[in-house]
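Trainee: I have the sequence and the model open. Can we go through the labels and test each against its cut-off?

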Amino acid sequence: MITIVADSQRTDHPHWPVPAERRTVTVLFVDIVGSTALVDRLDPEDVRALQRAYFDTVAGVLHRWQGVVEKYVGDAVMALFGARHSDGFDAYRAVRAGLEIQAALDRRPMVDDIRLRVRVGVATGEVVVDLGDAVSGGHGVASGAVITTAARLQEYAPHGAVALCATTARATAGLIAQRQLAPVPVSGRVPPMPVWHAVGPVRARADRHDGPLIGRRRELATISEQLTRALHERSPRWVSLVGPTGSGRSRLLHELTRALPTVDGTPVRWCVVACPPYPDQVLAPVAELLRGLAGIRHGDGPATVRERLTGTLTPLFAPDRVATAVPALQRLLAAPDGTAEALTGAAICRDVLLRLAADRPLVVAVDDVDRAAPAASRFLHTLFSAATARGLPLAVITVHQPQWADTRPGPARRVTIRPLATVQSGRLLRQLLARAGQPVALVDRLLPLVGGRAGHAVAYVAAVTAGADPATPELPEAVRRDAGAELDQFGGEHRAVLMAAGTLGGEISGATVDRALGWTPGRSTAALRDLVAAGLLLPRRAGGYVFAAPALRQVAAERLPRALRAVFARRAADVPRLDTPRLDTVRPLAVPREDRAGAVRAAAPHVEDVHQLIPTATTLTRAATPTPGISRPPSSRHLRAVAAAGAVPPTHSSGPPANTGVHRSPGRDRRPASTRTPPAVLGSAGRGPLSGVGAPPGTARAVPLSPLIRRSGHLAAA
């Protein structure tokens, strides 16, 4: 049985800085088949007992899979997945919960041997979520069309099945076996809605890794050297490959297996296993290691499994030990569930690995180890400690995300997978586009969007190949899910800081964030420092910060409701910018330059004070008086003089201006709020609704260069 701790508590901050968010959630709607006829023939007391048993069963399953029960409608239950926190697998958890609800009701007679049959619909889409009420029983937590879609879908699910919308089907592809049906008519919607049926979970396949490796030669050489030294000196070593989703961690691990085939002329034995999200059994990765060692495939019969286990153990153990070890290992493969029998089999598997390492160098690699249960981590730690005590040529490699916290051994080496450089990202995009038969000229359009992450480049090229508009490519669904999960690593003030920074765009400062959120000066400093340590923000000179990935900035900005976007833009209008010089066509974010205050009133007509939207500890005084230490904005005469000197490129240029080396004093680096415009992120020429604030479409502006800031050549920092 899968055990998942559900987040059932209310918000962890008494004054949640951003009380509502626009979030992509998965909605599960479950309803009893034939409930009216069933209730009509039962006694009211039996109906009450039946409902209690039914609701308890459904709520228990939803709780294990981190679902939040939003409401009960008669005998129907509606639950949300990803309402407050997302791990990138909200749709997967919802579908697994729907399948488990079906199985639980089939196995359990409710009252007087009555077995209930239910239909389940699962849909994924955008809603507005009230974060303070996003707990079980919080009626009216979410608002959006996806809720109606889930209710309609369950009507087209046969008895005992789970119906999926197109977005949910794409999000669970490769993890859930699906069967597409003919589109079904839905009231008020044209054309008919496509429907998929979820059959059951499947074992995730390993990703294909072909084509030349780009931009990871240094990391590859460093790790290969560490492994070679460890295996040669018979001094076990633990190496952690750390990077966010899409950084190319799995690809680098694949290249390592090819780069280190031998040590001192002896072949290296590689044991590589990948952890699926939410494994069904806690020792599943150990069972996969055993299958790889013995050459056992899923679906092999008991006789084949026994034969291959015997052949693997015979050279390592005495005959009597083989006779007792084979049945224990068979039980581990059949049910790696953490019971005493399974733990006994895991201990034998560990002994097998140690004996194999004594014979020839051995590397045990676990991809996505942060998805595994603690039992798998304990297995690796015990294996490493035993190999260290015996002085065996063994190495352990774990691949995980930066936020995963585990007690790695003292000699563990942490290798961080950093974003690709701009040139490397361009080479990768050209290779992917050429392989997909797409114009290589699209590199210029996609390069500012990938943020140096190989996985994002693959997703954008796949989206264009699938028919997305290459002129204005939208954020791919997979990238959006990953960025949302990164954003949800933090709650409360940290997440509010990210959303405020994403809305403001460009390079932001702590003062800008404090002003946007209505905080006292300096309150965001600690949160910004934590976000830099987590790799979500990158520091710049003069106290500035930029997003590590363009997708994260876009998702963070889109999380804010329209009214709060307008509030943030108006509050931050008078704070000096730290942006480097750019010349781009900028479109307004959500508030036209001509009337920011009017936009705030239009978005929130009943709000007299912005603190009704964002509860804060301190009321911000309107910027009626100049801020100490901030000089006056430059006069028009000074701007004309700078343009005449050639420091500002012509206004019709479409690319970023060259750095002419002309330095200006800090006192001449500020313009009035009505003329100041943040640059478009990563040279995107103002595409998208969140690219800039304060300029009408088609307006080109140049931001003067501060003498303390230089343009970074790195794509992710652009």
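Trainee: What stands opposite Ala-163 in β8?

Mentor: His-197 does. Keep in mind that this model is predicted.

Trainee: What makes β6 and β8 a pair?

Mentor: Pairing takes at least two bridges. Three bridges join β6, residues 162–164, to β8, residues 196–201. Therefore the two strands pair. They run antiparallel.

Trainee: How many bridges join β7 to β8?

Mentor: Five, and these strands also run antiparallel. At least two are needed, so β7, residues 176–180, pairs with β8. Within β7, Ile-176 has Pro-201 of β8 as its bridge partner.

Trainee: How do you know that Cys-271 and Cys-349 form no disulfide?

Mentor: A disulfide needs cysteine sulfur atoms within 2.5 Å. The sulfur of Cys-271 lies 8.6 Å from that of Cys-349, its closest cysteine sulfur, so the gap is too far for a bond. Seen from the other side, Cys-349 is in no disulfide, and its nearest cysteine sulfur is that of Cys-271. The structure holds zero disulfides.

Trainee: Why is Cys-271 called buried?

Mentor: Buried means under 20% relative accessible area. Cys-271 has 6%, so the label fits.

Trainee: What is the relative accessible area of Cys-349?

Mentor: It is 0%, so Cys-349 is buried by that cut-off.

Trainee: What share of the chain counts as buried?

Mentor: 52% of its 718 residues. The chain exposes about 31,600 Å², with 53% supplied by carbon and sulfur atoms.

Technical notes. Residues are numbered from 1 along each chain as its sequence is written. This is a predicted model: local features need pLDDT of at least 70, side-chain atom pairs count only at pLDDT 80 or more; totals for chains, interfaces and linings use all residues. Side-chain values use heavy atoms; hydrogens and water are left out. Helices (H or I, at least four residues) and strands (E, at least two) are DSSP runs, numbered from the N terminus. Buried means under 20% relative accessible area, exposed over 50%, partly exposed in between (1.4 Å probe, protein chains only). Accessible areas come from the Shrake-Rupley method with a 1.4 Å probe; for residues, only the protein chains shown count as cover.
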